[in-house]
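Visitor: Please take me through one part of this structure in close detail. I am new to it.

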Amino acid sequence: MLSWNEIRVDDERATRLLTEYFESRAADFPPELGTYRTTFPVAADFVKPRGVFLVVSEAGEDLGCGGIRRIDSTDDGVRYEVKHLYLRPAARGRGLGRGMLARLEDRARGLGADELVLDTNASLTAAAGLYRSSGFEDIPAYNDNPNATNWYLKRLDRTEAVGF
């Protein structure tokens with residue numbers, strides 16, 4: 001049975017998953033973009049009410065992670081950012097990425113978010129497909145992440161909360 005748990009981003013389980021994620025991104029990063037730059041998340045950014053970090057597990061094995069953190073608000077309202085959505089290769093293709101994204105959206109709504117943004121790299125085609133099919137739209141860059149080539153936004157309706 002799957003479990004979705006909020007943990008600290010500096011917990012050893014989160015650190016292990018994030019290290020795998022960063023190593024896989026560095027290994028697969030498009031060479032024409034230079035070198036992948038690893039930036040471990042700041043723990044305080046992923047603690048309520050500023051954010052949340054989730055790990056999905058099954059039978060005691062961690063399968064993936066993802067988080068949200070509050071960033072600068074805009075004229076359109078309170079903005080949270082999706083960060084570090086990662087699934088171990090053996091866990092992919094089971095809908096867990098969509099499940100993680102839905103849970104992160106739900107938590108963002110619960111924290112008062114009006115919109116979610118995220119950045120990614122064009123080489124992550126499955127991720128881009130997930131984001132677009134989940135209602136995210138292409139936007140101009142909202143940050144200067146050197147690893148990103150694509151930026152997305154989704155406006156949230158707080159009445160749509162699923163309540164995971």
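Guide: Contact here means heavy atoms within 4.5 Å. This is a predicted model, in which local features need pLDDT of at least 70, side-chain atom pairs count only at pLDDT 80 or more, and totals for chains, interfaces and linings use all residues. Residues are numbered from 1 along each chain as its sequence is written, and side-chain values use heavy atoms, with hydrogens and water left out.

Start with Asp-45. It sits in the loop between α1 (12-28) and β2. Helices (H or I, at least four residues) and strands (E, at least two) are DSSP runs, numbered from the N terminus. Asp-45 counts as buried because its relative accessibility is 13%. Buried means under 20% relative accessible area, exposed over 50%, partly exposed in between (1.4 Å probe, protein chains only). Leaving aside neighbours within four places in sequence, Asp-45 is in contact with Arg-50, Gly-51, Ile-68 and Arg-69.

Ile-68 leads to the largest nonpolar core. A nonpolar core is a set of buried Ala, Val, Leu, Ile, Met, Phe, Trp, Tyr and Cys residues joined through side-chain atoms within 4.5 Å. This one has 27 residues, and Ile-68, Leu-116 and Tyr-131 have the most contacts inside it. At least two core residues come from each of β2 (51-58), β3 (61-74), β4 (77-87), α2 (96-110), β5 (115-120) and α3 (125-133). Another core, of 15 residues, lies apart from it; Tyr-21, Tyr-36, Val-55 and Tyr-86 are among its members.

Now α2. Of its 15 residues, 12 are buried. Among them are Leu-96, Met-100, Leu-104 and Ala-108. Charged residues are listed too, including Arg-103, Glu-105 and Asp-106. Just after α2, Gly-112 takes a positive phi of about 95°.
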